[in-house]
Amino acid sequence: MVDHGLRFAHDGSTEVGVLLSHGFTGSPVSMRPWADRLVEEGFSVRLPLLPGHGTTWQEMNRTTWQQWYGELESAFTELTERCSTVFAFGLSMGGALCLRLAEEHGDRVAGLVLVNPSVLTVRRAAKLVPLLSRVLPSVAPISDDIAKPGVSEDAYRRTPLRALASLAKLWETVRRDLPRVDQPVLLLRSAVDHVVEPQNAAAVLAGISSRDVAEVVLDNSYHVATLDHDAPVIFDRSVEFVRRVRAERGR
């Protein structure tokens, strides 16, 4: 087992590997309990730290979605070289990055588990981000959206606008190619989410071509549901999903 700083990797089964992606301005902190549960199940796990994250928001402003995706894709490639079946799990922006993996790598991605995935925003102010990002480095964040008291995801205390403008380009790219996603999908969304609007889950479910799709509503969690009251539901359902899909692929 390797744990250098925030990054996490575990070599378990050569049959099942799971790649996890954290969200925008966050870090592997938001996904670590999930990773630990997957390790307990015997799976190989990769939880990378995306470029510009886990340092400062100023550094994140110097990165782009292509770099975030490149880091995730590198970890995915490493898992595929070790494991015969690889799944991708993502939270928020991590869900968008995992969708991009599925769009680009086809059935090499065995299935997706998406928690409050983000692929768009309906906030009017978002239209101003490309212009504002040229003159304004950052704005106040929307972070630690967690119903459970005393829990933090350790996200940045500012939202870097140039990085946010790049995120919008990722969303556009992912939405365009959603019909290419035909892998099994388990989508879990919070009934109350102050960060990602419900239109996001609706857009994903309407856009993908997958026939094996399940949607689960989390009634007791906010956006960072992987650290919230419903975390055990997410963990249990994801393990069940992996085992079922793995068994069906083996027939």
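In the predicted model, N116 lies in the loop that runs between strand β5 (111-115) and helix α5 (129-132). The backbone of N116 adopts a positive phi of about 45°, although N116 is not a glycine. Most residues other than glycine have a negative phi. With a relative accessible area of 3%, N116 is buried. A positive phi is also found at S92, again a residue that is not a glycine, where the angle is about 60°. S92 is placed in the loop between β4 (85-91) and α4, and its relative accessibility of 9% means that S92, too, counts as buried.

Helix α4, which spans residues 93-105, takes part in two of the helix packings described here, one with α6 and one with α3. Against helix α6 (residues 161-176), α4 packs at an angle of about 40°, the two axes being 10 Å apart, and α4 is therefore oblique to α6. The crossing by which α4 passes α6 is left-handed. On the α4 side the contact involves M93, A96, L97, L99, R100 and E103, and these meet L167, L170, W171, T173, V174 and R176 of α6. When the residues of this contact of α4 with α6 are sorted by class, eight are nonpolar, one is polar and three are charged.

The packing of α4 with helix α3 (residues 65-82) brings the axes within 10 Å, with a crossing angle of roughly 60°, so that α3 and α4 are likewise oblique to each other. Here the crossing is right-handed. From α3, the residues W68, Y69, L72, E73 and F76 make the contact, and from α4 the residues M93, L97, C98, R100, L101, E104 and H105 do so. By class, the contact of α3 with α4 comprises eight nonpolar residues, one polar residue and three charged residues. M93, L97 and R100 of α4 appear in the contact with α6 and also in the contact with α3.

Helices α3 and α6 pack against each other as well, at an angle of about 65° and with their axes 8 Å apart. This contact is formed by W65, Q66 and W68 of α3 together with A163, S166, L167, K169, L170 and T173 of α6. Its residues divide into five nonpolar, three polar and one charged. W68 of α3 is thus listed both in the contact with α6 and in that with α4, while L167, L170 and T173 of α6 are listed both in the contact with α3 and in that with α4.

Within the α3 and α4 pair, H105 can be described individually. This residue lies in helix α4 and, at 14% relative accessibility, counts as buried. The side chains of H105 and E73 are joined by a polar contact of 2.7 Å. When neighbours within four places in sequence are left aside, H105 is in contact with Y69, E73 and F76, each of which belongs to the α3 side of the contact with α4.

Two strand residues were examined in a similar way. S138, in strand β6 (residues 138-139), is buried at a relative accessibility of 7%. A polar contact of 3.0 Å connects the side chain of S138 with the side chain of R158. Not counting residues up to four places away in sequence, S138 touches R158 together with W57, T159, P160 and L161. V16 is located in strand β2 (residues 16-21) and is buried, with a relative accessible area of 5%. Beyond its neighbours within four places in sequence, V16 is in contact with F43, S44, C83, T85, F87, V242 and R246. The C-alpha atoms of V16 and L167 are 30 Å apart in space, the two residues being 151 residues apart in sequence.

Finally, E248 is placed in helix α8 (residues 231-249). In contrast to the buried residues above, E248 counts as partly exposed, at 34% relative accessibility. E248 and L114 are separated by 134 residues in sequence and by 20 Å in space, C-alpha to C-alpha.

Methods:
Residues are numbered from 1 along each chain as its sequence is written. This is a predicted model: local features need pLDDT of at least 70, side-chain atom pairs count only at pLDDT 80 or more; totals for chains, interfaces and linings use all residues. Side-chain values use heavy atoms; hydrogens and water are left out. Axes are lines fitted to C-alpha atoms, for helices over the stretch in contact, and angles run from 0 to 180 degrees between N-to-C directions. Helices (H or I, at least four residues) and strands (E, at least two) are DSSP runs, numbered from the N terminus. Angles under 35 degrees count as roughly parallel, over 145 as roughly antiparallel, 65 to 115 as roughly perpendicular and the rest as oblique. A crossing is left-handed if the near helix is turned anticlockwise from the far one by less than a right angle, and right-handed if clockwise. Contact means heavy atoms within 4.5 Å. Ala, Val, Leu, Ile, Met, Phe, Trp, Tyr, Cys and Pro count as nonpolar, Asp, Glu, Lys and Arg as charged, and the others, Gly among them, as polar. Buried means under 20% relative accessible area, exposed over 50%, partly exposed in between (1.4 Å probe, protein chains only). A polar contact is a pair of N or O atoms within 3.5 Å; within protein, one must be able to donate a hydrogen and the other to accept it, and residues adjacent in sequence count only if both atoms are side-chain atoms.
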